[in-house]
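Visitor: I would like to go through this model with you and ask how each label is earned. Could you show it to me?

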Amino acid sequence: MAVTTEPENPLTAGLERLPVHPTALVVFGATGDLAKRKLLPAIYNLAHEGALPERFYLVGVSRGELTHEEYRELAVEAITSFSRRPPDPDVLEHLLEDIRYVSGSFDEDRVYSSLAAILGEFDGKAGQPLNRAFYLSTAPAFFPVIVGLLGAHGLQHSEGTDTEVRVIIEKPFGTTLGEAQELNRKVLSVFDERQVFRIDHYLGKETVQNVLAFRFANGMFEPWWNRNYIDNVQITAAEDLGIGTRAGYYDSAGALRDLIQNHMLQLLTLLCMEPPVAFSADEVRDEKVKVLHAVHAPTLDDVDDLSVRAQYGPGVVAGEGVRGYLEEDGVPADSNTETYAALRLSVDNWRWAGVPFYLRTGKRLARKLTEIAITLKPVPHLAFRENADGVRPNQLILTMQPNEGVSLSLVAKVPGTRMTMAPVNMEFLYGTAFISQSPEAYERLIMDAMRGDATLFTRNDEVEAQWHICDPIVAKWEATPGPLPQYGSGGQGPAEAERLLLPGDHWRAI
Amino acid sequence: MTTVKDSLWTAHETTPSAIEEALRELLSERHAEHAGYTPARVLNLVCIVDREWSGEIANRLRSVGDSHASRTIVCSVEPGRTSLDAVATIASDREPGPGEFALTRETIVVNVGPGHLAHLDTIVDPLVVTDIPTVVWAPHGHPEAVESLRRLAQVALIDSIDDPEVSEALVRARSLADSLHVVDMAWLRTVPWRERLAATFDPIPLRPQLATISSVEVRHQPDSVASALLLLGWLASRLDWHCSPLLPSGDDLTGSAHAHRQDVTLTLAPAREMQVRGLLGLTVETASGRRLSLDRGPGGLHAEYSNYRKGIERSWTVLGASRGEGGILGNAIRAALARDRIYLPALQAATTMVR
């Protein structure tokens with residue numbers, strides 16, 4: 001059998017930025033908050049750095065009645081307001097000179113006919129068929145509608161060309177396991193899985209990717225990265241802010257769906273996964289899915305023992321009094337939506353059996369902090385028994401924000417004539433060791449999606465496995481009437497969270 | 001960039017160990033003031049400059065955006081000087097808030113005399129932070145100083161454009177590369193052009209066209225021959241061309257390279273209208289009738305493509321903002337942290353194109 005291989009491009013060797021096939025990017029929900037605050041600025045910054053494909057066209061689709069020119073003005077304003085650097089007027093002008101806007105409801109056939117015509121026009125203008133990327137930045141209810149109509153209009157593939165069509169889907173991917181499965185069924189009835197890029201923007205953050213580098217590029221951690229040496233793990237995603245103006249979204253989602261079901265379970269998988277054979281999309285995701293399958297999903301009867309929910313009450317933050325959740329604008333006075341959620345999970349496999357994993361997230365807590373704290377088991381025998389007050393089990397802290405870095409708590413001798421012990425920290429801050437040029441998460445993810453690299457995106461079985469863990473908790477909480485426990489704003493969270501801890505364990509101070 | 005609260009120390013007729021001790025005290029004071037002040041520890045940059053031009057170099061170093069060295073040691077060469085004067089500062093871009101950290105950077109300016117240069121390593125060695133890369137940059141020459149620092153440096157930062165004799169510049173770069181990782185700003189100026197050429201020929205049906213390239217013209221600022229040669233050298237090394245020396249033809253330098261299928265006509269054309277260093281444009285033609293031109297323009301590179309056999313003509317803008325000289329220097333400092341394995345073969349090929 002003859003084997004044909006694609007000719008290589010010897011000019012790409014050593015380039016920091018590899019070429020991306022010319023692409024037309026279609027943003028559904030193009031006038032929404034995400035598009036204005038994140039997507040358009042990210043696209044601009046990619047253009048500024050010369051990272052976009054050589055031929056790049058942008059199309060916005062939304063319900064608002066706008067002309068192409070009005071949408072261009074909206075994009076200029078959004079980029080000027082939210083870009084991480086002041087825009088260069090010439091780059092901005094050229095980026096947006098061919099921008100198109102399609103106005104209409106996402107369930108209208110004419111929207112897709114117009115879109116097809118515009119994409120055909122762009123192919124003609126470029127003199128070659130372009131890759132197409134459809135970015136679904138809409139309310140989740142529209143995801144199946146848009147996907148279905150893209151399929152109905154034949155936009156899910158590019159007949160007779162070797163170009164690629166991809167669909168990028170924002171979170172949340174369903175609000176229950178059933179919804180996620182149904183959405184996957186719908187999406188995969190139109191697109192192949194390799195065409196689908198489910199966004200979890202946390203995975204685009206440098207510091208989250210650094211968890212993989214930290215674990216798999218350093219030999220010193222692997223020998224003790226298991227149940228024999230690790231006592232417990234705490235993953236915390238705390239925010240000092242309240243819900244702000246997001247009552248509409250937040251009250252229908254809550255802390256569990258907003259952060260734990262996606263971001264925090266992703267952190268758990270990165271922490272617990274086995275080393276992948278290669279850093280490729282499916283090798284990495286295969287290992288992550290194995291972790292999710294190993295997580296013991298609570299039964300309805302388990303939920304009360306393994307989870308805690310609460311709402312923030314009034315309190316004092318940064319010296320100023322703040323309202324409680326139920327007093328926030330747009331929140332129903334009888335809302336049972338949790339602004340704090342904590343879980344105790346177990347990963348039932350050879351490496352992690354018996355190690356409790358505590359996950360907690362909340363709004364209006366003492367400060368903004370995302371970290372993974374790994375507490376090691378105490379030493380088996382302590383010779384310094386009489387002066388052992390300062391001896392604590394070692395902790396390894398991976399901090400994602402605000403000060404990205406790694407900290408290892410050790411025990412050292414206090415200078416003096418006596419053998420007195422005290423904990424000390426060995427700290428590494430990423431900002432001190434690199435000349436910082438981290439791209440925004442959305443810049444990285446948009447480029448990866450256009451390039452077809454799905455490593456930092458969530459696969460269908462991954463998202464369903466995440467829901468499999470959270471679904472019983474959602475179901476139990478929705479079936480249990482309130483009111484919810486309250487915790488004071490600006491504090492450490494609800495006292496009820498203490499009951500999740502196994503004997504001897506403590507929540508780290510936020 | 002706004003800096004806040006510089007800590008400052010100055011001394012006349014001082015010694016390296018006194019400077020180092022003062023720096024430790026400054027760091028300690030800064031840390032005592034707020035534990036959030038944290039020294040950056042990425043790389044040392046040792047600059048050897050003529051005193052009279054040190055202001056210009058200081059301006060260039062200020063314009064590098066986020067790409068500052070952690071510790072910058074400026075050896076300012078003053079004719080007739082026999083003793084050392086020094087100024088040490090610790091600067092931070094901001095004050096740390098509660099629970100935050102703020103990076104600090106150290107700058108040491110040491111006034112030295114010409115007699116110090118042959119043994120400059122004995123002055124610089126106590127001042128560098130150990131266990132991080134040390135980069136040497138001597139924009140005003142002083143090869144004896146660079147030579148003395150080879151032992152303690154890992155990276156040489158050069159700009160082959162600085163030398164009026166391009167052949168000597170390329171030979172010097174090769175010599176430095178024997179023991180140091182060389183970051184050449186003349187090479188970094190070719191990055192956008194290399195990226196675009198790579199992208200043009202990246203679609204799988206177009207990759208075989210690389211073997212049919214029949215001519216390349218590079219238009220450059222008159223002083224920037226080195227960048228243009230390095231771009232040609234890169235093509236030659238990646239595409240396995242064998243080059244002969246380029247010869248003057250009017251204002252241009254022309255010559256040819258022997259490729260597998262045919263000879264490639266090479267032209268370097270100076271663009272007198274271009275004020276800033278670097279490349280103005282390039283044109284690549286293939287034996288199959290394709291022609292691609294890229295030229296600097298507002299908002300990026302203006303691209304023109306034609307295929308006379310098929311009667312196709314197109315033009316567009318390849319988006320990208322100019323990095324400016326500050327950006328190039330910033331990129332060079334960042335590049336010192338990585339190894340570019342493509343530069344040396346390109347340099348080697350470029351060297352064969354000059355007499």
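Visitor: How many salt bridges are counted between chain B and chain A?

Guide: In this predicted model, the count between the two chains is 2 salt bridges.

Visitor: What makes the meeting of E195(B) and R17(A) a salt bridge?

Guide: Their side chains come to 3.4 Å, N to O. The cut-off is 4 Å between a side-chain nitrogen of Lys or Arg and a carboxyl oxygen of Asp or Glu, so the pair E195(B) and R17(A) qualifies.

Visitor: And which elements of chain B give two or more residues to the side that touches chain A?

Guide: They are β2 (37-39), α7 (191-200), α8 (225-239), β18 (312-319) and α9 (324-335) of chain B. The largest share comes from α7(B), with 7 residues. By class, that side of chain B has 24 nonpolar, 9 polar and 11 charged residues.

Visitor: How many residue pairs between the chains are in polar contact?

Guide: The count is 11 residue pairs, with both residues at pLDDT 80 or more.

Visitor: How many residues of each chain are in contact?

Guide: On chain B there are 44, and they are in contact with 39 residues of chain A. A residue earns its place here because heavy atoms lie within 4.5 Å.

Visitor: What area do the chains bury, and which three residues of chain B supply more than any other three?

Guide: Between them the chains bury about 3600 Å², 60% of it on carbon and sulfur atoms. F101(B), E195(B) and L319(B) supply 17% of the area that chain B buries against chain A, more than any other three residues. So E195(B) appears both in that trio and in the salt bridge to R17(A), at 3.4 Å against a limit of 4 Å.

Visitor: Why are L410(A), V424(A) and M426(A) called a nonpolar patch on the surface?

Guide: Members of a patch need over 30% relative accessible area and no salt bridge, and nonpolar side chains are joined within 5 Å. L410(A), V424(A) and M426(A) form such a patch, so the name applies, and together they have about 240 Å² of accessible area. M426(A) lies in strand β15 (residues 421-429) of chain A.

Visitor: Which peptide bonds of chain A are cis, from K171(A) and from Q401(A)?

Guide: The bond from K171(A) to P172(A) is cis, with omega near 0 degrees, and P172(A) lies in the loop between β5 (165-169) and α6 (177-190). The bond from Q401(A) to P402(A) is also cis, with omega near 10 degrees, and P402(A) lies in the loop between β13 (395-401) and β14 (405-413).

Conventions
Residues are numbered from 1 along each chain as its sequence is written. Chains are lettered from A and ligands numbered from 1 in the order in which they are written. This is a predicted model: local features need pLDDT of at least 70, side-chain atom pairs count only at pLDDT 80 or more; totals for chains, interfaces and linings use all residues. Side-chain values use heavy atoms; hydrogens and water are left out. Buried area is the accessible area (1.4 Å probe) that two parts lose on being put together, summed over both. A polar contact is a pair of N or O atoms within 3.5 Å; within protein, one must be able to donate a hydrogen and the other to accept it, and residues adjacent in sequence count only if both atoms are side-chain atoms. Helices (H or I, at least four residues) and strands (E, at least two) are DSSP runs, numbered from the N terminus. Ala, Val, Leu, Ile, Met, Phe, Trp, Tyr, Cys and Pro count as nonpolar, Asp, Glu, Lys and Arg as charged, and the others, Gly among them, as polar. Patches are made of residues with over 30% relative accessible area and no salt bridge: like charges are joined within 9 Å, nonpolar side chains (Val, Leu, Ile, Met, Phe, Trp, Tyr) within 5 Å. Accessible areas come from the Shrake-Rupley method with a 1.4 Å probe; for residues, only the protein chains shown count as cover.
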